[in-house]
Amino acid sequence: MEQQKLNPAIVYVLAIIGLLCCCIGGAGVLLAGPAFLIAQSGLKKASQNPEDYDQSSVKAMNTAKIVALVILIINVVYLIMTVYRIYTVGWDELMRQSQEMMEQWQQNQ
């Protein structure tokens, strides 16, 4: 019987795109979270029937799960910081500061 292989590629893709999206107020949670859950469910299936799965692909999926978890934590921290900043400074003030930075940037171009 041929052993099944876990494919960690989708987990890596979602996690890496999630890392890039962390700069958008922690929005990468929407990608890193599912990446972690996909890895978790694949590893759970593999642990229930370890003889059916190729162990090198299980190790690769475990690594992908760790990467997704780290990126998820980064995004959660950034999201909390963003929410805290909006709460303490206020949305209008943040938008005003953003507008000023854009104007300064345009003047320097």
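A salt bridge is a side-chain nitrogen of Lys or Arg within 4 Å of a carboxyl oxygen of Asp or Glu. The exercises below use a predicted model, in which local features need pLDDT of at least 70 and side-chain atom pairs count only at pLDDT 80 or more, while totals for chains, interfaces and linings use all residues. Residues are numbered from 1 along each chain as its sequence is written, and side-chain values use heavy atoms, with hydrogens and water left out.

**Exercise 1. Find the salt bridges of the structure and work out how they are joined.**

Step 1. A search of the whole structure finds two salt bridges.

Step 2. In one of them Arg-96 pairs with Glu-93, and their closest N and O atoms are 2.4 Å apart. In another, the side chains of Glu-100 and Arg-96 meet at 2.1 Å, N to O. Through shared partners, salt bridges join Glu-93, Arg-96 and Glu-100 into one network.

Step 3. Now place these residues on a helix, which is a DSSP run (H or I, at least four residues), numbered from the N terminus. Arg-96 and Glu-93 both lie in helix α4 (residues 91-108), three residues apart, which is about one turn of the helix. Glu-100 and Arg-96, also both in helix α4, are four residues apart, again about one turn.

Step 4. Finally, consider accessibility, where buried means under 20% relative accessible area, exposed over 50%, and partly exposed in between (1.4 Å probe, protein chains only). Arg-96 has a relative accessible area of 40%, so Arg-96 is partly exposed. Glu-93 is partly exposed because its value is 27%, and Glu-100, at 35%, therefore counts as partly exposed.

**Exercise 2. Decide whether Asn-75 and Ser-57 are buried or exposed, and describe their surroundings.**

Step 1. Asn-75 lies in helix α3, and Ser-57 lies in helix α3 as well.

Step 2. Asn-75 counts as buried because its relative accessibility is 0%. Ser-57 has a relative accessible area of 8%, so Ser-57 is buried.

Step 3. Contact means heavy atoms within 4.5 Å. Leaving aside neighbours within four places in sequence, the contacts of Asn-75 include Gly-18, Cys-22 and Val-29. With the same neighbours left aside, Ser-57 is in contact with Gln-4, Lys-5 and Leu-6.

Step 4. The side chain of Ser-57 also reaches the backbone oxygen of Asp-54 at 2.8 Å. Between Ser-57 and Gly-42 there are 10 Å from C-alpha to C-alpha, and the two are 15 residues apart in sequence.

**Exercise 3. Describe the largest nonpolar core and the helices that build it.**

Step 1. A nonpolar core is a set of buried Ala, Val, Leu, Ile, Met, Phe, Trp, Tyr and Cys residues joined through side-chain atoms within 4.5 Å. In soluble globular proteins, nonpolar side chains tend to be buried together.

Step 2. The largest nonpolar core has 17 residues, and those with the most contacts inside it are Leu-6, Val-11, Ala-35, Val-58, Met-61 and Ala-68. Helices α1 (9-20), α2 (29-48) and α3 each supply at least two residues of this core.

Step 3. Take Ala-68 as an example: leaving aside its neighbours within four places in sequence, Ala-68 is in contact with Val-11, Ala-15, Ala-32, Ala-35 and Phe-36.

How values were computed:
Polar contact = N/O pair within 3.5 Å; in protein donor to acceptor, adjacent residues only side chain to side chain.
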